[in-house]
Amino acid sequence: MPMNTATQPETIRWQLWQKIVFRFFFIYILLQTAPWTWLDSIPGVTTVTGYYTQFNDWAVNACNALFFHVRDVLVPMNGSGDTSYGWAELWLYLCVAFLGCAIWSVADRKRLNYTHLNYWLCLFTRYFIAFIAFVYGIEKLFAQQMLYPNLSQLATPLGDFLPMRLSWMFIGYSTPYQIFSGCMETFVGILLLYRRTATLGILMGTAVFLNVMMLNLCYDIPVKIFSINLVLLCIFLLANEWNRIVCFFILNKPAASCTIYHFHYTKKWMRIARWVLKILFIILVLMQFPSNWNYHTSLFTDNKIVPFKKGMYDVAVFAKNKDTIPFSINDSLRWQDVIFDKGGSGSIKTCDAVFRQRYKRGYFYYDVDTVKKNIGFKKMQDDSIFILTFRYDLPDTNTIMLWGMQGKDSLYVELKKSNHHFQLSENQFHWLSESNR
């Protein structure tokens, strides 16, 4: 891996392994970050980058069919970053980086070093890591990456959750902890903005993102590929300063000043362009604050007015075709409890597939027509068709009566406001603890 540069970089002779490793990382980093696609928001640019995207999709699917065999039919990227397409794409980029490195090594075998090219690669990598740190850090500052457990999650037995959701709620439960995590990531981004503090920034960034990577790996969070690549980028920058880091932390010797981020700009326009680009980068980062604030406001402000209390309701009466079905804990289809949460969402303790099933509860979104006294249930928030529509009546403040049709069957449901309290949602911080909790 390339080390520190000297005052006359053109005279430096890199070792063979350094040049080979640099060539591999140069190709791999560019493929993974694909900076040419970042300009897609500019009118007309997508016409050009669209050809790259189409070629990339073709190459991933073709190489998977011929060599990788991750899965017969690749699932494209969605909410998960670890789909079969994502893994096939990773193998393709690794293969291209190895092959490209081999060809480059043969064609350019007489070159002494890549000092100047390494400067640009390190600079690009440093700002890429900084931007990622700012994006995720600022989001955590507003406590909106991992949300506080809602009533439906609190009502779900712990053993029914998948590891990712458990980890998400663990972080989301404590707003101060999430904000602290955001402060650390944001601080990493700030340190990486300046050459004098970049080394400290990448050291802290490696620690922060290594922890994120381990969370993803150990709790089956589907961002494994991205977090692994982020740690690899940090390691690449650390390797460029390996001699300095070893001298300072291990050998207790004076460490040379960092030079990998220093470049002599000979033209005035270069120096002006450097400051203009840095200012634009900072403006792009600062724009994260109003956008996150607006999202925070919409997320934590419940403007949905409903005629009944939000909360948990026990199903006192559940009648199908006028035949009352008694409560049984072994009955997976009878409604056992209903939760109306903020934001027009909720869930039912039932395995009825008409609802969106997660963690053995049926999740839904609902809209209320207070004029017609109708309530409509949808699987997803943006769905235009209701899966169920009921008439409702409110005989008192703690009772909701629903009746309507589910397919060819008539349903009548009587809900009673539950007095159940979840200890987890109460203040559980104690300076003084007389026993283990």
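This passage describes how helix H7 packs against helices H4 and H6, and how far helix H9 is covered. The model is predicted, so local features need pLDDT of at least 70 and side-chain atom pairs count only at pLDDT 80 or more, whereas totals for chains, interfaces and linings use all residues. Residues are numbered from 1 along each chain as its sequence is written, and side-chain values use heavy atoms, with hydrogens and water left out.

Helix H4 (residues 115-141) packs with helix H7 (residues 175-192) at an angle of about 155°, their axes lying 7 Å apart; helices are DSSP runs of H or I of at least four residues, numbered from the N terminus, and axes are lines fitted to C-alpha atoms over the stretch in contact, with angles running from 0 to 180 degrees between N-to-C directions. H4 and H7 are therefore roughly antiparallel to each other, a term for angles over 145 degrees. The residues in contact (heavy atoms within 4.5 Å) include Arg126, Ile129 and Ala130 of H4 and Gln178, Ile179 and Ser181 of H7.

Helix H6 (residues 163-173) packs with H7 at an angle of about 95°, with axes 5 Å apart, which makes H6 roughly perpendicular to H7, the term covering 65 to 115 degrees. Here Ile171, Gly172 and Tyr173 in H6 meet Thr175, Tyr177 and Gln178 in H7.

Helix H9 (residues 224-240) is mostly covered, with 13 of its 17 residues buried, that is, under 20% relative accessible area with a 1.4 Å probe and protein chains only.

Key: Helix = DSSP H or I, 4+ residues; strand = E, 2+ residues; numbered from the N terminus. Parallel < 35°, antiparallel > 145°, perpendicular 65-115°, else oblique. Buried < 20%, exposed > 50% of the residue type's maximum accessible area, 1.4 Å probe, protein only.
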